[in-house]
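This report describes a ligand site and a set of individual residues, each placed in its structural context. Please read it alongside the sequence and the coordinates.

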Amino acid sequence: MPARELRFPEGFLWGAATSAHQVEGDNTRNDWWAWEQAGRVKHRSGLACDHYRRFKEDFDLAASLGHTTHRLSVEWSRIEPEPGRFDDGALAHYAEVLDALRARRLEPIVTLHHFTNPLWVAQAGSWTNPKVVDWFARFTERVVRALGGKARYWVTINEPMVYVNTAYLEGRWPPGLRSVPAAQRVTEHLIRAHAAAYHIVHDAAAGAAQPPQVSIAKYLPVFLPCRRWWPLHRVASALSDRLFNGGFLEAVTEGRWAVPGVWPKRIPEARGTLDYFGVNFYRRHFIRNGWHPAQWLGSGCEQTHHWGSRRDLTSWMGWEVYPQAFYQTLTRWQRLGLPFLITENGTSMVDDARRWRFIVDHLEALHRAIEAGCRVLGYTYWSLMDNFEWAHGFAPRFGLVEVDYKTQQRRVRESGRRYAEVCRTGRLVVE
Ligand code: FCB
């Protein structure tokens, strides 16, 4: 096929994403740090990318790569190390971070919660405790007071359902629960906390020339049955889709949380609480039923025997590459009538040429979705640089920029350079 040039819309935001615990280093007061110290995972985040101190150099790099936006998260446990005691130094730090982005013409996208909680929240039962809604609201209020004028794009909660699933159903992340009732409670609290934060950000900006844009970052996978024609797998996959995707999205758009197994609830304050739709996309998920009660309704099959899967194209994480699903999921959720912002998409391919292929194929799918009528505001690749990948530690490398953890040196990968061309021109050449 001859090379084609795809043009993205005028003003499209191009950049990359990170999260506090994964890059900052020394986040000693949150539940993940404690989890690492307790040996619940093999690796410790330690100094990570030392980004808490090196953010200016890192933003210099992002700007030199043509980025026009950057997504990051603020660390709750730094800002509120004890209940109700706020650390002005930490707030001043994040103010400096946002100023540094603006000075480099990088539009900040600020996430308030990206998987980690202060220790005091964890000790009080984490998100199973209904008080967490007020705690999160108080934290948001303080952050918005300190940083509100400096950011327009906000993400309240990163991947709420991934958090529920991994931390309260699979028990792989803190607090390590495997309980359906806990997962249901936590989901409701996340919906309420998101809604509270949405209104706080808006109220604080009342009368502003440019109203803030607030969303969640929703992991939006396509669910499929592990064995295509096996009725139980088909039911489990439909149910997963309902619980994980449809149920949550209905709650934050219509204010109605109605999922199987939970008495339908009205959560009126959550109605209409997405200004744009933040989407994280990585792969398809194949669902089967597991033996543990927490898996009866369905659990992911991590093997590579599924139809359409290219085994040679699985990443370090064992994730398949299937860009068509990106197109499918976007066009399917176009029905919400919201502009999309791709808040994460990326790969841990060991071979950097394959990372570039992944990016090209996903941008092409994104472009097709735009042609099919999806409005898309921007794309932030996960991640700007290699970082601490939760339970997998430092082995998977998602970065456009390689990090040498011994010396903290950064080296731009070829994929980062090629992506820079797209960022600078708004055009992608597909060969
Ligand atoms: C997403 C997370 C992000 C990172 C990527 C690989 O689920 O939001 O922190 O771990 O996966």
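Helices, in state H or I with at least four residues, and strands, in state E with at least two, are DSSP runs that are numbered from the N terminus. In those terms, Asp50 is found in the loop between α2 (31–37) and α3. The model is a predicted one, and the descriptions that follow should be read with that in mind.

## The ligand site

The ligand sits in the largest pocket, and the residues around the ligand are Gln22, His114, Phe115, Asn158, Glu159, Tyr282, Glu344, Trp382, Glu389, Trp390 and Phe398. By residue class, this shell divides into 5 nonpolar, 3 polar and 3 charged residues.

Three side chains of the shell can be described through their distances to oxygen atoms of the ligand. An N or O atom in the side chain of Gln22 is 2.8 Å from a ligand oxygen, a distance of 2.8 Å is likewise found between a ligand oxygen and an N or O atom in the side chain of His114, and the side chain of Glu389 also places an N or O atom 2.8 Å from an oxygen of the ligand. Taken alone, the ligand exposes 290 Å², of which the protein buries 95%.

## Cis peptide bonds

One cis peptide bond joins Trp382 and Ser383, with omega at about 15°. Trp382 is one of the residues around the ligand, while Ser383 lies in the loop between β14 (376–382) and β15 (401–404).

Another cis peptide bond joins Pro174 and Pro175, where omega is about 10°. Pro175 belongs to the loop between α8 (160–169) and α9.

## Positive phi angles outside glycine

Asp50, although it is not a glycine, has a positive phi of about 55°. The relative accessibility of Asp50 is 5%, and this residue therefore counts as buried, the cut-off for that class being under 20% relative accessible area.

Ser126 is also a residue other than glycine with a positive phi, here near 50°, and is found in the loop between α6 (119–123) and α7 (132–147). With a relative accessibility of 1%, Ser126 counts as buried.

## Buried residues in helices and a strand

Is Glu188, a residue of helix α9 (residues 180–204), buried or exposed? Glu188 is buried, because its relative accessible area is 12% and the class takes in values under 20%. The side chain of Glu188 is joined to that of Arg192 by a polar contact of 3.0 Å.

Phe59, found in helix α3 (residues 51–64), has a relative accessibility of 0% and so counts as buried. Between Phe59 and Arg105 the separation in sequence is 46 residues, and their C-alpha atoms are 9.9 Å apart in space.

Ser73 lies in strand β3 (residues 69–73) and, at 5% relative accessibility, counts as buried. A polar atom of the Ser73 side chain lies 2.7 Å from the backbone nitrogen of Ala20, a contact that involves the side chain of Ser73 and the main chain of Ala20.

Notes: Residues numbered from 1 in each chain as written. Predicted model: local features only at pLDDT ≥ 70, side-chain atom pairs only at ≥ 80, totals over all residues. Heavy atoms only, no water. Near = heavy atom within 4 Å. Polar contact = N/O pair within 3.5 Å; in protein donor to acceptor, adjacent residues only side chain to side chain. Areas by Shrake-Rupley, 256 points an atom, 1.4 Å probe, with all protein chains shown as cover. 1 Å grid on protein atoms, 1.4 Å probe; cavity = no way out; pocket = protein on both sides within 12 Å on 5 of 7 lines; lining within 4 Å. Sits in = over half its atoms within 2 Å of the grid points. Nonpolar A, V, L, I, M, F, W, Y, C, P; charged D, E, K, R; others polar. Buried < 20%, exposed > 50% of the residue type's maximum accessible area, 1.4 Å probe, protein only.
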